[in-house]
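Let's walk through this one together, from the overall layout down to a few individual side chains. Have the viewer open and follow along.

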Protein chains: 2
Amino acid sequence: MDRIPILKIGQVLLVSIQIDLQDQSVLALQEDLAEQISATGAHGVIIDISAVEIVDSFIGRMFATIAATSRLFDADTVVVGMRPAVAITLVELGLTLGQVRTALNLEKGLAILGKLAAERELAEGLDDLDEPVQANS
Amino acid sequence: MDRIPILKIGQVLLVSIQIDLQDQSVLALQEDLAEQISATGAHGVIIDISAVEIVDSFIGRMFATIAATSRLFDADTVVVGMRPAVAITLVELGLTLGQVRTALNLEKGLAILGKLAAERELAEGLDDLDEPVQANS
């Protein structure tokens, strides 16, 4: 059981972190996630850390790496379920999560990703509308 | 990290099993689940076992116990993501999962629970319609 399972809910991939993360399992997770996003065309990734009691700069960097990789596949990343003690530690360590959004729980994370996806579709629709106008001018 | 986190998606609770289950963590999970169903009024429980490689009669019994407890709160249980090797082992061990439904993956499990919830609401609606008729006869 050394690989963290990736679940799919509609266009969103869900990762629930329950084990103490070792270098090896983090690398495996990043690989698996990139493969899954590419294979499914998911528009979002949710990382649930409600079981995580201790964070360090290593885990903080993992979030940033996953978010940066997902971005390359046009997917957003939301970290959900952070414990209060973990949030305080992150601030005390001076760790920023980079491009990673956070939400209180899974449902709010799904809502954020749904909104981002809708905004993106709207923006793409507007781009399509713009093109013929530019061609005429 | 000895407690397995319980996630909530709408009216469904999601448990993703990633660690080797010990007696203690199984008991804690059953307690937590009963409390969460009672607190949230969830109509379904999904247990994802895509990370589980080995099953024995102990785990089989756990599914049955969780399903029976959930039933008492009027919630259905679906086990999803079973590996082929696990399915073969369950059959070879002669283990039936009792009242537990199974589905290929999380999305199919959510679909089953949604359908069951809709059927139940319909049945409750019909019951309400029946009552005045019986009163008049």
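Going along the sequence, chain A reads β-β-α-β-α-β-α-β-α, which gives 4 helices and 5 strands. Keep in mind that this is a predicted model. The C-alpha trace of chain A spans about 60 × 30 × 25 Å along its principal axes. Of the chain's 137 residues, 43% count as buried. If you take the contacts in chain A between residues at least 6 apart in sequence, 74% of them join residues at least 24 apart.

Start with the two strands at the beginning of chain A. Strand β1 (residues 6-9) runs antiparallel to β2(A), and 4 bridges join the two. Look across the pair and you'll find L7(A) opposite L14(A). The hairpin leaves 2 residues between the strands, and there G10(A) adopts a positive phi near 60°.

Now stay with β2 (residues 12-16) of chain A. Is it covered or open? Mostly covered: 5 of its 5 residues are buried. In a regular strand, side chains alternate between the two faces of the sheet. Here V12(A), L14(A) and S16(A) point one way, L13(A) and V15(A) point the other, and all are buried.

On to the next partner. β2(A) pairs with strand β3 (residues 44-48) of chain A in the parallel sense, over 5 bridges. V15(A) faces I47(A) in β3(A) across that pairing. With α1(A) as the connection, β2(A) and β3(A) make up a right-handed β-α-β unit.

That connecting helix is worth a stop. Helix α1 of chain A covers residues 23-40, and Q30(A) sits in it. Why does Q30(A) count as buried? Its relative accessible area is 18%, and the cut-off for buried is under 20%. Beyond its neighbours within four places in sequence, Q30(A) is in contact with M62(A), T65(A) and I66(A).

L29(A) is the residue just before it in your sequence view. Leaving out residues up to four places away, L29(A) touches I4(A), I6(A), V15(A), I17(A), M62(A) and I66(A). L29(A) also belongs to the largest nonpolar core, which has 56 residues. The residues with the most contacts inside that core are L29, M62 and F63 of chain A, along with L29, M62 and F63 of chain B. A second, separate core has 22 residues, including L7(A), V80(A), L14(B) and L113(B).

Now find L113(A), in helix α4 (residues 106-136) of chain A. Buried or exposed? L113(A) is buried, at 0% relative accessibility. Apart from neighbours within four places in sequence, L113(A) contacts V12(A), H43(A), G44(A), V45(A), I46(A), D76(A) and V78(A). For a sense of distance, the C-alpha atoms of L113(A) and V26(A) are 23 Å apart, with 87 residues separating them along the chain.

Swing over to chain B for the sheet as a whole. Its 5 strands form an open sheet with mixed pairing, in the order β1-β2-β3-β4-β5. In chain B, β1 (6-9) and β5 (101-103) are the edge strands; each has a single partner, so one side of each is left without a neighbour in the sheet. From one strand to the next, the twist averages 30°.

Within this sheet, strand β3 (residues 44-48) of chain B runs parallel to strand β4 (residues 76-80) of chain B, joined by 5 bridges. I46(B) has V78(B) in β4(B) as its bridge partner. Helix α1 (residues 23-40) of chain B packs on the sheet and touches β1, β2 (12-16) and β3 of chain B, its direction making about 160° with that of β2(B). Helix α2 (residues 57-72) of chain B lies across β3 and β4 of chain B, at about 150° to β4(B).

Finally, how do the two chains relate? A turn of 180° and a shift of 0.0 Å along the axis lay chain B on chain A with an RMSD of 0.0 Å. The two copies are thus related as by a two-fold rotation axis. Both copies use the same surface, too: 100% of the contact residues of chain B recur in chain A.

Technical notes. Residues numbered from 1 in each chain as written. Chains lettered and ligands numbered in written order. Predicted model: local features only at pLDDT ≥ 70, side-chain atom pairs only at ≥ 80, totals over all residues. Heavy atoms only, no water. Pairing = 2+ DSSP bridges. Axes fitted to C-alpha atoms, helices over the stretch in contact; angles between N-to-C directions. Contact = heavy atoms within 4.5 Å. Core = buried A, V, L, I, M, F, W, Y, C linked by side-chain atoms within 4.5 Å. Buried < 20%, exposed > 50% of the residue type's maximum accessible area, 1.4 Å probe, protein only. Right-handed = clockwise from strand over helix to strand, strands pointing away. Least-squares fit on C-alpha atoms with pLDDT ≥ 70 in both.
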